[in-house]
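Reader: I would like a close look at a single part of this model, namely how charged side chains pair and where they sit. Please give the cut-off for each term as you use it.

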Amino acid sequence: MKTIWTKLTVWGLTIVMASLVFLAAGPLGAGERAYASEPDPPPPPSLLKVTGYTVYRGTSTTTAYTGRITRNDVVTIDVTVLDERVTTANVTTNPPPTTVRLNTASFTIPNQSNIEVTNQSVAANGYSYSIRFRSLTYRGTGKELGFDASYTGLTSPLATERVGITLNQCVESSPSPTPPPPAPTPEPEVNVKGTGFILREARYGDANGDPIYAGQVFTLSAVILATNGDHAVENVSVAFSPPEQLTFADGSSVVYIGTMAPGATSPASAVLLPSANIQEGSYTVGIDVTGVNAQTGAPVSAHMTISMPILQPERFEIFNTQLPSDITAGMDSGMGYGSVTLVNQGRGAVGNVTFDIIGDGLYLEAGRIFVGNVGGGEQKSADFNLMGNEPGFMNAKVLVTYENVRGELRTLEHEFEVNVIAEEPFDDPGYDDPGYDDPGMHNGGSVGPGLWLWIVIGAVAAVVATLLVRRHKKKKAAKASAALDDDDDDDDDDDDADIESDTDTEK
C-alpha cells in the first residue's frame, strides 16, 4: 500500500511541474503569430514632390481663393513641384521638355492646352517647376488633384511619375440621379491639319559673307518656321548635328524654343569650330526640330540639313630674297643676279605663279618668269638677272602673281631700292692712235704690252665675277634651306675655300 502511494505522489509531482513549464512558455505558436503580425516597413518617399499650391476662383489668377469648392465650381490651381531625380548631372536639354497630364476623377479640364509648365530650373538638388491647371471643374466627388509628369532630354529615360494632392476645400456631394444618356450620334469626320516645321533661312560665316576657314570659329544661324496647322506646338527644341570634323565652340548643341504657334518663326544658332586639319570641301550639318502638338499631345519632328564650304587659309608668301643693290646701266656687268624664294605653308596648292620686278627703267633679262604650281608645304625659287637703263637710285618691287584654289587672282609684293651706276668710258693707253707714242705700236706693228695687260685684267675680272655669282647662289640656297629646316650649319669658310679652289682651277 505504501508503494502505490509513493508512485502516485511521484506522478503528481511530474504533472504539476509540466503544467508550470507550459504556463511559462505561453500558448503554442504565440511567438510565430506575434512575428507575423508586425507591420510592413513604409514605402520609400517619392522623389517627385509637391512643394506648394495656390487655388484661384474661376480663371483669374489675381487673388488666392480659400473658400469652399463645391460641385461644378470652376477653379484654377497653380502647383509647384521639385523632382529630385532630375539634376544638372543627367540632363542633355536644360530645362528638359516636360509633359504634364491630368490624372484624377475629381476634376475635369477642357483640353491639354489648359495645362502650362513654367518657371523651370534645373539645379544640383533637383528640377523645380510650376504647373498651372486652368479652368478645372470640380465633379463633386473626391478631394484629390492627381497628375502625371514625364520628361525628355535626359541621359536616360525616367518612368512617368504620378503625384496627387488633397484639397480640403472640396465639399463632396451626392450626385443627383441622371437619366440614361441618349444613344450617341456619330460625329462627322473632321480633318485636323497638323503643324510641322521647315527651314526658312540659314546663314553661316559672318555678316560680310566671308568664307569659313579651318581652325576659325563661325556661327551657323537658322530660322525655323512652324507650318500653318490647326494647333500650336509645345516644347519645341532645335538640335544641331555637325560632322566629327566640326565641334561646338561654346559646348551647346540644343536650343530650346518653347511654344510655336502655326505660322510663327523662331531663330536658332550654334557656334562651330572646324578642325585645323580639316580637308577643304563641302560639309553638311543636320538640324533636328522636335515638339509636341498642343491639342493631341502627338510628337512633331522634322529633319533638315545645311551644306557649307570650308576652306584652308592661304599662307603663300615671299620667304627669302637675294636682291642686287648695284647694277650698271645699259650693260650686264654680272652685278644684277639675284633670287627670290616662295613658300606655301598652307595645305592647298596655288597655281600659275609668275615672278617679275617692277621699277622705272628696270627689267629682267629673261622677262617675266613663270614659276608654275606650288603645292602645300612646298617651296620654289626664281633666279633672275636685273638690268637697268638709266643711272640713279631706283625704287623697285618684287611682284608675284598666283591663283588660289578658288581660281582667284592674288599678288605678293616686296619693295627694295637699287642703285643703277652709269657706265664709265673705256680708256686704253695702249690703243694705237696718231698721238700716242708707243714703241710697240707703230705702223700697225705688233701689240704693245699695255694692251696685253688690259686683256689679262679683263679675263681675271670675268673669272672673279663668275666665282662671285656662284658663291652668291650657294649662300642663297644655304640660307633658304636653313630657314625652312631650322638647320644653321652654314659655313662661310667652306664657300671661301670653294672660291679659292675654283680660282686656282681657272688660272
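Author: Arg-132, with a relative accessibility of 23%, counts as partly exposed, a class that lies between buried (under 20% relative accessible area) and exposed (over 50%), as judged with a 1.4 Å probe and protein chains only. The model is a predicted one, in which local features need pLDDT of at least 70 and side-chain atom pairs count only at pLDDT 80 or more, while totals for chains, interfaces and linings use all residues. Residues are numbered from 1 along each chain as its sequence is written, and side-chain values use heavy atoms, with hydrogens and water left out.

Arg-132 forms a salt bridge with Asp-78, and the closest N and O atoms of the two are 2.7 Å apart; the term requires a side-chain nitrogen of Lys or Arg within 4 Å of a carboxyl oxygen of Asp or Glu. Because Asp-78 belongs to strand 2 and Arg-132 to strand 6 (residues 126-138), this pair ties together parts that are 54 residues apart in sequence. Strands here are DSSP runs of E with at least two residues, and helices are runs of H or I with at least four, both numbered from the N terminus. Asp-78, at 15% relative accessibility, counts as buried. In general, side chains of opposite charge can pair when their charged atoms come close.

Strand 2 (residues 74-83) also holds Asp-83, which is buried with a relative accessible area of 0%. Its side chain is joined to that of Arg-85 by a polar contact of 3.0 Å, that is, a pair of N or O atoms within 3.5 Å, where within protein one must be able to donate a hydrogen and the other to accept it, and where residues adjacent in sequence count only if both atoms are side-chain atoms. A network of salt bridges links Asp-83, Arg-85 and Glu-161. If neighbours within four places in sequence are left aside, Asp-83 is in contact (heavy atoms within 4.5 Å) with Leu-47, Leu-48, Gly-126, Tyr-127 and Tyr-151.

A sheet comes next. Strands 3, 7 and 8 form an open sheet in the order 3-7-8 with antiparallel pairing, two strands being paired if DSSP finds at least two bridges between them. Strand 3 (98-102) and strand 8 (161-166) stand at the edges with a single partner strand each, so one side of each is left without a neighbour in the sheet. From one strand to the next the twist averages 25°, with axes fitted as lines to C-alpha atoms (for helices over the stretch in contact) and angles running from 0 to 180 degrees between N-to-C directions. Strand 7 (residues 144-151) is joined to strand 8 by six bridges, the two running antiparallel, and Phe-147 stands opposite Val-163 in strand 8.

Further along the chain, Glu-314 forms a salt bridge with Arg-410, their closest N and O atoms being 3.3 Å apart. This pair links distant parts, with Glu-314 in the loop between strand 17 (299-311) and strand 18 (316-322) and Arg-410 in strand 26 (residues 409-421), 96 residues apart. Glu-314 counts as partly exposed at 30% relative accessibility, and Arg-410 counts as partly exposed at 30%. Arg-410 also meets Glu-408 in a salt bridge of 2.9 Å, N to O, and Glu-408, at 33%, counts as partly exposed.

Over the whole structure, a search finds ten salt bridges. The chain has four helices and 26 strands, and buried residues make up 32% of its 507 residues.
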